[in-house]
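Dear colleague,

Please find below the structure that I am handing over to you. My notes on it come after the sequence and the coordinates.

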Amino acid sequence: MGLKSKDLLGMKQLTPEEIMEILDTAKTMKLVISSANKKTSHLQGKSVVTLFYENSTRTRLSFELASKYMGSASANISATGSSVAKGESLLDTARTIDMMGTDIIIMRHPQSGAPHSIANKIKASVVNAGDGMNEHPTQALLDMLTMYERFDTFEGKNIAICGDVYHSRVVRSNAIGLAKLGAKVSVYGPRTMMPIGIEKMGVRVASSVADCVKDADAVMGLRVQLERQKSSLFPSVAEYAKFYAITPEMLKLAKPDAFLMHPGPCNHGVELPTAVYDCDQSVINEQVTNGVAVRMAVLYLLMARRNNL
Amino acid sequence: MKTIIKNCKLFDSDKTEVYIADGKFAEAFPENEADEVIDAKGNTVFPGLVDMHVHLREPGYEYRETIATGTAAAARGGFTAVCCMPNTLPVCDNAAVVSGILKKAAEAGNCRVYPIGAATKEIEDTELAEIGLMKEAGIVAVSDDGKPIPTAGMMRKVLEYASDFDIPVLNHCEEKSMGTGAMNEGEVSTSIGIRGCSTAAEDIMISRDIILAEYLDVPVHICHVSTKGGVRMIRDAKARGVKVTAETCPHYFTLTDKSCETYDTNFKMHPPLRTEEHRLAIIEGIKDGTIDCIVTDHAPHHQDEKEVEFSHANNGIVGLESSFALSYTYLVKTGVISIEKLMDLMCYNPSKILKLGRGGMAVGDDADLTIMDLDHEFTFEKDKMLTKGRNTPFDGWKLYGETQLTIMGGKKTYEKLC
């Protein structure tokens, strides 16, 4: 048991068996979160540091709670208020944290590949908590856990993802992970936000929101990064909401028991009308709980690997 | 000073001996008159190679490279002449900087250095640089390399004004409004989440420059061509009689963007590594003569500028010490082109385009030559390089064509230590 690699850099690096092991472990961990005494000894005597170069609410907090529920010593630093603000390089910062006896560094960084560039230079395990436009593996894992609780298998399931595909690490990690388990992913968004060659990642590029969500078993909306409007990728929020949002009518095109997901934070009235966010099919709030469970599983399995060595 | 090189093969003739007297190729003379007799051990003699596109970094970036270290690397690569780009600090946009470069190059004495002047002052694209005065000081071309000359209006002025002085214009072709990505835009950039720069951005500016050269009936030289579309447009333009010439680099016919998947910044350069389709088109362009020259775009960077996040890393790789071996191994040994054709690409054509008068091996010509071992495989090792840069993607590659000796003007500039 445990992961094969020292680090969790992305879904690209995981085998289907490892993904299933994480999801199965997360189901057990979820019981801890709902229990009265949220304390295990899985990470007792271990130290976990979160190193965030970008803002985050749920990812950072859920990693922190995950490590604390399992009994680790945890600390966090961010780009502001550390030597990073004095211009220290990423590698020097990572080595400094490493040399303090840290077992796991959880890192978020605006540059794709940043965790990869430190992983093979330090002893600590590196967990990618989002790198630029590349991957956000624990987000994909929590999304997959949310699906796994409702599907008996991923094989042949239709997953629709709508929004700003170009800038989304969530899409990339989901596309890779879901493809590894046999699900069929369709994506749609403005052509200006659709990266060239995305179909080579094994996804279908749909021709409209309707085409994307039709017969879907699960529908996922993506956050529109509103600052993108300045770079003229779409003309206005009103136009985006009219042509690219997942409206109640669109959601009706999915399978009757389909459910709606969103990685958050959500722009109400842009990519999702509030009525859709709050509808019976929405599992958005449950995703948050699953985020803690999946992160507990990842941290535990990374340390379990060490015990195997 | 008289030297005989014996037991050698000339790359294009049956001769087995080379005679040098007073820095020039000479008629045969008796061995007892020679000051030195060099045993070439059956290796092959070539004219000294010419690289018309290198960055020597001096003045201003001596922590990356100096004229002395860059030219030592050139000699180790078999080069006896290099042309250095003007994006130094200060920019080489005036006669004083040109003279300074030539002085340092003469002091080092490793390789002939021909400076390329900036086309516009400070390579800022607002005013023409003093092309005439720089020519008097010794430039052989103008370029804003590292940056394109972005507007068609300024490119027209540069082409027209430079033509008054018979100075070639070399352009780095990239339409910047298409975005400034860190690697080729495509399947790989999408998969690893790096912003891409498209082949279209390169093609658009190549087409613009061809249109201007044709309209004005002046020459234009396209730097480091990396795209299939670029090769096609240059081929078509040459067929129409447009005065366009072009170069490419070894990395564009040996590597693809797949190499960027590990975020190794030694595979980051501009233009970026493209896909296999483009790599094959570059080879086709070399084969049919569309591409005139192989250059290195030798771009040394400090470790601290490369050991960073991929998007933050500087563009470029060093190339002077691997160029001949890569070209020989991947183009000649594979049967794509002949060894004579390789000398067109790495010596005669660049000399002709910039009117350098290099490459002659007749009696009375400057004794510039290099001796290469074409028969034994060797391992290219980054730690043996003489350049200050360590940014090569070719460390550990098995190649043929290791330099044994380089002579410039009758003087040894590199000798492999056995």
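The notes below treat the two chains in turn and then particular places in each.

Please bear in mind throughout that this is a predicted model.

**Chain A**

Chain A contains eleven helices and nine strands. Its radius of gyration is 19 Å, close to the 19 Å that the globule rule gives for 309 residues, so chain A is as compact as a globular protein of that length. Taken along the principal axes, the box filled by its C-alpha atoms is roughly 55 × 45 × 35 Å. Of the 309 residues in chain A, 60% are buried. If one takes the contacts between residues at least 6 apart in sequence, 75% of them join residues at least 24 apart. The exposed surface of chain A is about 12400 Å², and carbon and sulfur atoms supply 53% of that area. As to charge, chain A carries 35 positive and 30 negative side chains, with the centres of the two sets 4 Å apart.

**Chain B**

Chain B has twelve helices and 19 strands. For its 418 residues, a compact globule would have a radius of gyration near 22 Å, and the value for chain B, 21 Å, agrees with this. The C-alpha trace of chain B spans about 65 × 45 × 45 Å along its principal axes. Buried residues account for 61% of the 418 in this chain. Among contacts in chain B with a separation of 6 or more, 75% are between residues 24 or more positions apart. The accessible surface of chain B comes to about 15400 Å², and 49% of it belongs to carbon and sulfur atoms. There are 45 positive and 65 negative charges in chain B, and the mean positions of the two sets are 1 Å apart.

**A buried strand residue in chain A**

A:Ile105 is part of strand S3 of chain A, which covers residues 104-109. Is this residue, A:Ile105, buried or exposed? Its relative accessibility is 0%, so A:Ile105 counts as buried; the cut-off for that class is under 20%. Leaving aside residues up to four places away in sequence, A:Ile105 touches a set of residues that includes A:Val49, A:Leu51, A:Ala94, A:Ile97, A:Ile122 and A:Val126. A:Asp98 and A:Ser125 are also among the residues that A:Ile105 touches. A:Ser47 is 58 residues from A:Ile105 in sequence, while the two C-alpha atoms are 8.9 Å apart in space.

**Sheet and hairpin in chain B**

One open sheet of chain B has four strands in the order S4-S3-S1-S5, and its pairing is mixed. Strand S4 (24-25) and strand S5 (36-39) of chain B are at the edges with a single partner strand each, so one side of each has no neighbour in the sheet. Within this sheet, strand S1 (residues 2-6) and strand S3 (residues 18-21) of chain B are paired antiparallel over four bridges. B:Val18 in S3(B) is the residue opposite B:Ile5.

Towards higher residue numbers, strand S18 (residues 398-408) and strand S19 (residues 411-415) of chain B run antiparallel and are joined by four bridges. B:Ile407 has B:Lys412 in S19(B) as its bridge partner. The hairpin formed by S18(B) and S19(B) has two residues between the strands, and B:Gly409 in it takes a positive phi near 55°.

**Backbone geometry to check by eye**

Where are the cis peptide bonds described here? One joins B:Glu58 and B:Pro59, with omega about 10°. B:Pro59 belongs to the loop between strand S7 (49-54) and helix H1 (67-76) of chain B. Another cis bond runs from B:His270 to B:Pro271, with omega near -5°. The loop that holds B:Pro271 lies between helix H8 (250-254) and helix H9 (276-287) of chain B.

Two residues that are not glycine have a positive phi: about 60° at A:Asp215 and about 55° at B:Lys355. A:Asp215 is in the loop between helix H7 (209-213) and strand S8 (218-221) of chain A, and with a relative accessible area of 37% it is partly exposed. B:Lys355 sits in the loop between helix H12 (339-353) and strand S17 (369-379) of chain B. The relative accessible area of B:Lys355 is 52%, so this residue is exposed.

With kind regards

Note on methods: Residues are numbered from 1 along each chain as its sequence is written. Chains are lettered from A and ligands numbered from 1 in the order in which they are written. This is a predicted model: local features need pLDDT of at least 70, side-chain atom pairs count only at pLDDT 80 or more; totals for chains, interfaces and linings use all residues. Side-chain values use heavy atoms; hydrogens and water are left out. The radius of gyration is taken over C-alpha atoms; the globule rule is 2.2 Å times the number of residues to the power 0.38. Buried means under 20% relative accessible area, exposed over 50%, partly exposed in between (1.4 Å probe, protein chains only). Contact means heavy atoms within 4.5 Å. Accessible areas come from the Shrake-Rupley method with a 1.4 Å probe; for residues, only the protein chains shown count as cover. Lys and Arg count as positive and Asp and Glu as negative; His and the chain ends are not counted. The place of a charge is taken as NZ of Lys, CZ of Arg, CG of Asp or CD of Glu. Two strands pair if DSSP finds at least two bridges between them.
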